[in-house]
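Reader: Please take a close look at one part of this model, the strand pairing and what packs against it. Describe the arrangement step by step.

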Amino acid sequence: MEPKISEKAWNPELEKKILQQWEEDKIYDFTPQDDNYTIDTPPPYPSGRPWHIGAAAHYSQIDMIARTARMAGKNVYFPIGIDRNGLPVELYTEKKHKIRMRETERGEFLNLCREALDDLEAEMILIMKSLGISGDFANYYRTDSKEYRALTQSTFIELWKKGQVYLANRPNNYDWVSGTTIADAEIIYEDLATKLVYMKFKIKDTDQEIIIASTRPELLCACRTIIVNPDDERYSKYIGKKIIVPITNAEVELRTHHSAQQEFGSGAVMVCSYGDQNDVSLFRELKLEEIVAIGLDGRMTEVAGEYAGLKPKQARTKIIEDLETEGLLDKVEDIVHRTPVSERSKTPIEIIPMEEYYLKQKEAVEKIKKLGQEITFHPSMHKQILMNWLDSINIDWPISRRRYYGTEIPIWYCKKCSEPHVPEPGKYYRPWEEKCPITNCSKCDSTEFVGEERTFDTWMDSSVSPLYISKFKRDDEFFKKVYPASIRPQAKDIVRTWLYYTLLRCEQLTGEKPWSEAWIMGYGLDEKGMKMSKSKGNAIDPLPVIEKLGADTFRFWSASEINHGYDFRCNEQKIESTKKFLSKLWNVSRFLSSFPVIESAKLSASDEWILAEVDKLVKECKKGYEVYNFFIPAIAIREFTWNVFAAHYIEMVKARAYGIDFSDEERDGAIFTLHKTLSTILKLLAPITPFITEHLWKELYSKNSIHKEKQVESENIEDKSNVTKEISEFNSKVWNEKKSQNLSLKDSIKIEIPKSLEPFKKDLKSMHNLLD
RNA sequence: GGGCUCAUAGUCCAGGUCGGUUAUGACGUCGCCCUUACACGGCGAAGAUCCGGGGUUCAAAUCCCCGUGGGCCCA
């Protein structure tokens with residue numbers, strides 16, 4: 001009997017053909033019905049956000065969600081998008097062409113960015129496709145398309161009209177390298193080496209002095225007060241006294257405030273506009289008048305006197321020298337300081353008062369909390385990330401950015417009276433180069449306007465993804481059918497940004513939650529357990545791995561190694577060793593391909609036993625698939641296929657299946673059961689390894705795709721795992737006995753079969769060549 | 001400083017809700033074996049004071065408390 005499958009091992013090259021077939025047959029096409037399963041797929045950012053092996057694993061798993069849902073009988077809408085707005089591509093373009101954004105004509109710069117994105121996007125699509133992602137590539141969207149940006153702008157205009165947007169001059173986080181304001185969510189903290197400078201401040205009309213330690217001596221010119229802790233007895237005699245600021249000789253008052261820590265430095269703290277967030281709140285609380293010491297160019301302003309024009313770091317060095325010369329320097333310590341830096345440019349941020357647009361969010365916190373409670377999180381523990389973030393929100397969301405490659409803020413200002421005007425929603429506007437669509441100023445009737453030059457924070461775009469994919473305001477019928485979406489899969493690190501902002505915006509615009517489930521994945525870590533990222537240089541490129549080992553191997557690794565929601569370590573060798581399981585599956589199938597597929601048969605005890613084990617496996621897999629945790633089915637299927645089905649059952653029934661010394665009826669029972677078991681394994685595995693299961697399915701069972709099949713349901717067969725244990729113990733006993741007697745496995749031996757295994761006697765005898 | 005989370009063989013990981021055999025499986029290592037699906041295999045072996053300390057209990061990897069260390073997030 002020749003096996004129908006002749007090749008000895010799974011060849012990943014076959015994946016390309018299968019992919020092509022899927023595309024030709026359009027098997028993943030979506031037509032909206034009354035009930036749909038919509039996935040709010042994260043649109044990856046080409047180049048900027050890390051697109052490494054962890055991300056590839058992430059998208060593989062998102063695809064498993066889609067396939068699981070499809071096999072559960074759902075009508076799955078799995079859109080694919082590419083996120084193309086934002087700073088990373090601007091930095092990339094500046095570097096690639098050795099140009100500066102602000103010194104390049106805006107239109108030209110945007111074109112260069114677009115070209116760069118096109119290249120990077122092509123590679124990204126290639127990776128996603130070769131991973132076997134079953135998304136809607138034919139209609140993939142871009143967040144910088146006219147349609148998408150028109151949506152971002154329309155939603156802004158709507159919120160503007162509702163009074164949710166306002167302009168305010170506030171201390172802002174400013175990234176002077178990128179030349180833009182950034183949101184709190186875009187700040188990360190890094191331990192940086194710096195100098196803690198102890199300075200001598202004279203007390204007015206006395207010859208006494210106090211020591212004040214600061215990491216920002218260059219802000220002396222912006223110092224407005226000195227605070228000490230009310231419990232700090234060292235300074236109680238100076239409270240209310242005037243203190244002379246060194247270098248500037250300005251006079252400030254010494255007062256008490258609980259935020260001054262007695263242990264830090266000398267216990268006395270200078271409050272300047274603005275050294276850190278604490279300064280900001282103190283200025284507000286004590287109603288101090290701010291002094292702008294650092295300008296938008298990241299350099300000291302004229303208030304810094306002779307230090308004007310220097311960068312803060314240069315000014316700091318010079319001031320330390322000058323303090324020393326004038327004998328006002330006590331000492332300098334080298335310390336490591338937790339410094340807020342821009343997540344994108346990695347430079348320490350400055351806090352500078354600027355006029356920016358804000359979207360109201362503070363008053364929405366309670367509503368969003370409630371909405372969050374209604375959403376099922378997988379795993380549930382990650383809901384806490386959202387709740388913690390909601391608790392820490394204390395300012396509105398600054399949404400304007402002084403950048404080019406983003407969605408333009410659709411506002412024109414009257415040249416005469418500066419009144420802002422927003423156009424009608426529905427179109428994509430570019431105020432920096434287009435004429436104002438409004439003819440007369442509503443306030444002064446003037447006809448001349450000037451366009452806003454700023455763009456939106458990219459989360460303004462990303463946060464409407466559920467609205468874009470559901471064709472909000474573009475196709476009402478479609479929208480009604482697919483919104484709210486079913487699930488938002490995403491990574492853990494952007495819960496406080498993407499997930500939160502989406503909740504906020506969709507609630508503001510639709511009054512509804514954007515999805516009913518959120519599926520949160522952990523980070524890809526390197527072999528040492530550190531978070532993988534491009535900037536750290538520890539990222540592994542997924543493409544060579546996939547090309548070498550095939551997508552299924554990679555996907556099975558991702559399912560079997562990543563317990564859902566937890567961080568996972570990536571190791572190339574580990575991925576490679578996963579391939580063995582696919583080989584095993586292949587060879588089991590190859591063996592079975594020697595036998596015809598039988599519709600029904602009379603079953604023997606062994607057959608009933610393995611089918612009970614199969615049923616147990618079906619139940620176990622269902623447990624995992626129900627919560628989209630692929631770790632559970634992957635481990636269970638591997639364990640069953642390898643260590644139960646192949647190791648024991650197949651060995652037991654091999655002779656029977658060949659019909660050697662067995663009746664036709666007995667033979668058919670074995671063949672039927674072998675195929676029933678394998679076809680079940682293939683279906684259970686289909687969402688995880690779609691290629692090999694498709695290939696084997698078509699070779700053995702059907703002309704039609706396995707991905708059109710419904711998932712196997714449990715038949716509620718009684719658990720027989722105690723039999724499994726006895727069988728494997730008996731088999732081990734025989735193997736060990738033969739070994740100790742130096743017998744070959746095919747040699748005959750005399751070993752008593754235990755009473756409990758009596759029903760399996762004939763199979764066991766033929767398996768081990770047992771003598772009576 | 002606060003929060004989330006983790007700690008089990010050389011490596012990765014299961015078990016933990018609901019305490020109870022000999023602590024699961026994989027990778028790796030070492031031995032033996034070509035046995036008509038598979039040497040990308042089979043069989044077997046070695047390898048774990050379940051992070052430390054205390055408590056509850058007849059019984060703790062599991063529950064409680066206190067530490068220590070890692071990762072991530074926030075201030």
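Author: What follows describes two small groups of strands and a helix that goes with one of them. The model is predicted.

I start with the sheet that a helix covers. Strands 15, 23 and 22 make up an open sheet of 3 strands, in the order 15-23-22, and their pairing is parallel. At its edges stand strand 15, residues 376-378, and strand 22, residues 485-491. Each of these two has a single partner strand, so one side of each is left without a neighbour in the sheet. From one strand to the next, the twist averages 20 degrees.

The pairing of strand 15 can be followed to the residue. Strand 15 meets strand 23, which spans residues 515-521, over 3 bridges in the parallel sense. Within this pair, H378 stands opposite W519 of strand 23.

Helix 13, residues 495-510, lies across strand 15, strand 22 and strand 23. Relative to strand 22, helix 13 runs at about 160 degrees.

The other sheet is also described by its strand order. It is open and consists of 3 strands in the order 19-18-20, with antiparallel pairing. Strand 19 (420-421) and strand 20 (449-451) occupy the edges; each has a single partner strand, so one side of each is left without a neighbour in the sheet. Strand 18, residues 412-414, pairs with strand 19 in the antiparallel sense over 2 bridges. Here Y413 is placed opposite P420 in strand 19.

To sum up, the order 15-23-22 goes with parallel pairing, while the order 19-18-20 goes with antiparallel pairing.

Key:
Residues are numbered from 1 along each chain as its sequence is written. Chains are lettered from A and ligands numbered from 1 in the order in which they are written. This is a predicted model: local features need pLDDT of at least 70, side-chain atom pairs count only at pLDDT 80 or more; totals for chains, interfaces and linings use all residues. Side-chain values use heavy atoms; hydrogens and water are left out. Two strands pair if DSSP finds at least two bridges between them. Helices (H or I, at least four residues) and strands (E, at least two) are DSSP runs, numbered from the N terminus. Axes are lines fitted to C-alpha atoms, for helices over the stretch in contact, and angles run from 0 to 180 degrees between N-to-C directions. Contact means heavy atoms within 4.5 Å.
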